[in-house]
Amino acid sequence: MRLALLGPPGAGKGTQAVRLAHRLRVTHLSSGDILRSEKSAGTALGMQIRDFIDHGKLVPDALMIRLMENRIAQAPGGFVLDGFPRTLVQAQELARFLDSIRRPLDVVVNFVLDEAILSRRFEGRRVCPVCGSVYHLDTMPPEVPGLCDQDGQALVIRPDDQPEVVKERINTYRRSVEPLVAFYEQKGILVTLNAAGTPNEVTAAVLKLLQDRGAGKNV
Ligand code: AP5
Ligand code: MG
């Protein structure tokens, strides 16, 4: 199964990608997580991309494409892409790359969500600074308040979740999403899904639409 998730910041792409990758037994590839780990490790790449992430701007396409193609090449059993592609150029290059290795995307799920719900998801998000696990104070709280279930680390607010950066991220998303949606619609692999339900409901809805489309034998 080769799946890509589109949707605005805070829509639940990461939350669903973790669950779907586990359920479908494929690799979760989050562009944001990959960039954040480069940034916190202070690598040369991390230094290069730091300002883009901190200001809610997109990292340049060429860099992003190289980074993700490397990871995809190491996931022969399939993958869930979360946060990539994000521009038409990224989508075109990804398609060219996947066609060249005869592993095109099966389905692209486009999460849509009301702005008011998006705001609530941002406001309550807490993340583990070490393993990247994502929680929500109201809807997905950790077992012990303030601590990560996986490694016991103190949870933090993601640095780019400050209101002014969130605004920029949402604006950036709105500017880039239309051509991306049109590109996958034309390929006949785009499915739009309202992501307002509970995490379990959204996961079930994605698995059902994959099944309905006959995509993926492990669903
Ligand atoms: P990235 O990390 O991809 O951030 P994003 O797209 O802004 O999305 P988020 O991670 O904020 O939200 P999400 O949809 O994953 O929601 P989540 O599951 O956490 O990118 C960060 C930055 O990296 C970009 O700004 C850019 O600089 C750079 N970048 C990344 N990819 C790039 C690319 N391809 N090209 C160029 N630059 C790139 O959920 C949100 C909250 O809601 C959580 O608290 C969660 O617990 C909760 N929640 C989730 N689902 C539900 C539900 N169903 N019900 C209730 N609560 C829920
Ligand atoms: Mg995410």
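These notes cover the ligand site, the sheet and two backbone details of a predicted model.

1. **Ligand shell.** Ligand 1 is surrounded by 35 residues. The closest are Thr-15, Ser-31, Lys-57, Arg-125 and Arg-169. By class, the shell splits into 14 nonpolar, 12 polar and nine charged residues.

2. **Polar contacts.** Three pairs deserve a look. Gly-12 places a backbone N or O atom 3.0 Å from an oxygen atom of ligand 1. Arg-86 uses its side chain instead: a polar atom there sits 2.9 Å from an oxygen atom of the ligand. At Gly-197 the ligand contributes a nitrogen atom, which is 2.9 Å from a polar backbone atom of that residue. Each pair falls within the 3.5 Å limit used for a polar contact.

3. **Coverage.** How much of the accessible area of ligand 1 does the protein cover? On its own, ligand 1 has 1000 Å² of accessible area, and the protein covers 97% of this.

4. **Which elements line the site.** Four elements supply at least two shell residues each: α1 (13-24), α2 (31-41), α3 (44-54) and β6 (134-136). The largest share comes from α2, with four residues. Ser-31, one of the closest residues to the ligand, is where α2 begins.

5. **The sheet.** Five strands make an open sheet. Their order is β2-β3-β1-β4-β7, and the pairing is parallel. At the edges are β2 (27-30) and β7 (190-194), each paired on one side only. From one strand to the next, the twist averages 20°.

6. **The β2 edge.** Strand β2 pairs with β3 (residues 79-82) through four bridges, in the parallel sense. Within this pair, Thr-27 stands opposite Phe-79 of β3. Helix α2 lies across both strands and runs at about 65° to β2. The helix that packs here is thus also the one giving the shell of ligand 1 its largest share.

7. **A cis peptide.** Where is the cis bond? It runs from Phe-84 to Pro-85, with omega near 0°. Pro-85 belongs to the loop between β3 and α5 (88-100). Arg-86, with its side-chain contact to ligand 1, follows Pro-85 in the numbering.

8. **A positive phi.** Arg-25 is not a glycine, yet its phi is positive, at about 55°. The residue lies in the loop between α1 and β2. Of the two elements flanking this loop, α1 supplies at least two residues to the ligand shell, while β2 is an edge strand of the sheet.

Technical notes:
Chains are lettered from A and ligands numbered from 1 in the order in which they are written. This is a predicted model: local features need pLDDT of at least 70, side-chain atom pairs count only at pLDDT 80 or more; totals for chains, interfaces and linings use all residues. Side-chain values use heavy atoms; hydrogens and water are left out. A residue is near a molecule or strand if one of its heavy atoms lies within 4 Å of it. A polar contact is a pair of N or O atoms within 3.5 Å; within protein, one must be able to donate a hydrogen and the other to accept it, and residues adjacent in sequence count only if both atoms are side-chain atoms. Accessible areas come from the Shrake-Rupley method with a 1.4 Å probe; for residues, only the protein chains shown count as cover. Ala, Val, Leu, Ile, Met, Phe, Trp, Tyr, Cys and Pro count as nonpolar, Asp, Glu, Lys and Arg as charged, and the others, Gly among them, as polar. Two strands pair if DSSP finds at least two bridges between them. Axes are lines fitted to C-alpha atoms, for helices over the stretch in contact, and angles run from 0 to 180 degrees between N-to-C directions. Contact means heavy atoms within 4.5 Å.
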